[in-house]
Amino acid sequence: MLRQRIRARQSPLRFIGRLILVLVCLILIWYGAMLVLLALKVAPDTVNDVSGYRGVYDHLASIETEDVTDETRIVTAVAGLFSFLFFGYLALKELPRPYLARGGVRLADDDRGTLDVQPRAIERVAEAAASENPAVSSANGRYGGDDLTVNLSVRRARDAAETLRDVQQRVTVALQQHELPAVPVSVILTGFDRQQRRELS
């Protein structure tokens with residue numbers, strides 16, 4: 001059995017998440033350096049001039065109950081909710097999403113060499129076989145290694161059931177004729193032509 005490579009899907013939003021992470025790390029490093037300076041007996045006024053930590057602390061410590069108005073509570077609540085949703089979404093995008101990379105299907109392996117066929121070739125055979133049915137307007141195949149799924153869009157709604165059975169049979173026969181792997185074929189109806197949708201009513 002052929003080994004399949006595992007890859008990870010990466011979202012473009014991961015760049016934003018990594019950028020925010022870098023900024024947070026730089027802030028922690030900066031104020032960590034301030035703690036080191038204080039531990040080395042550097043004058044607190046000098047450290048405060050560099051970092052401004054005392055000014056920020058004094059400002060926050062001077063906030064009284066009457067300073068927190070209804071407008072302040074609303075703004076704080078909205079900002080907190082937005083931050084939770086935004087940073088939570090970025091954290092979700094940071095999670096790895098591994099998937100199996102599709103590889104070629106080996107049909108023959110002997111002393112004369114090997115014969116491989118790519119999944120897309122199998123899908124094209126299925127799509128061509130499905131399109132031979134006149135009721136099919138479009139077909140899209142997806143080979144998963146253990147099964148083959150064919151998504152169909154048909155022209156006439158009332159013939160959908162018969163069309164699905166006919167396409168499944170056509171695809172199965174096409175796989176046998178091309179000596180491709182005999183896998184279960186699933187046919188899924190995904191849509192109707194716009195011109196024929198009135199038949200659904």
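This short presentation describes the nonpolar core, a β-α-β unit and one buried threonine in a predicted model.

Good morning, colleagues. I shall begin with the core. The largest nonpolar core comprises 20 residues. Within it, the residues with the most contacts are Leu-148, Val-150, Val-171 and Leu-175. Two or more residues each come from helix 5 (119–131), strand 5 (136–143), strand 6 (148–154), helix 6 and strand 7 (185–192). Which element gives the most to this core? Helix 5 does, with five residues. In general terms, nonpolar side chains in soluble globular proteins tend to be buried together.

Let us look at Val-150 in particular. Setting aside residues up to four places away in sequence, Val-150 touches Ala-126, Ala-130, Ala-139, Asn-140, Gly-141, Val-171, Val-185, Ser-186, Val-187 and Ile-188.

I turn now to the strands. How do strand 6 and strand 7 pair? Their pairing is parallel and extends over seven bridges. Leu-152, for instance, has Leu-189 in strand 7 as its bridge partner. Together with helix 6, these two strands form a right-handed β-α-β unit.

Finally, I come to Thr-163, which lies in helix 6, a helix spanning residues 160–177. Is Thr-163 buried or exposed? Its relative accessible area is 3%, and Thr-163 is therefore buried, the cut-off being under 20%. When neighbours within four places in sequence are left aside, Thr-163 is in contact with Asn-133, Ala-135, Val-136 and Val-154.

Thank you for your attention.

Terms used: Residues are numbered from 1 along each chain as its sequence is written. This is a predicted model: local features need pLDDT of at least 70, side-chain atom pairs count only at pLDDT 80 or more; totals for chains, interfaces and linings use all residues. Side-chain values use heavy atoms; hydrogens and water are left out. Helices (H or I, at least four residues) and strands (E, at least two) are DSSP runs, numbered from the N terminus. Buried means under 20% relative accessible area, exposed over 50%, partly exposed in between (1.4 Å probe, protein chains only). Contact means heavy atoms within 4.5 Å. A nonpolar core is a set of buried Ala, Val, Leu, Ile, Met, Phe, Trp, Tyr and Cys residues joined through side-chain atoms within 4.5 Å. Two strands pair if DSSP finds at least two bridges between them. A crossover is right-handed if, with the strands pointing away from the viewer, the path from the first strand over the helix to the second runs clockwise.
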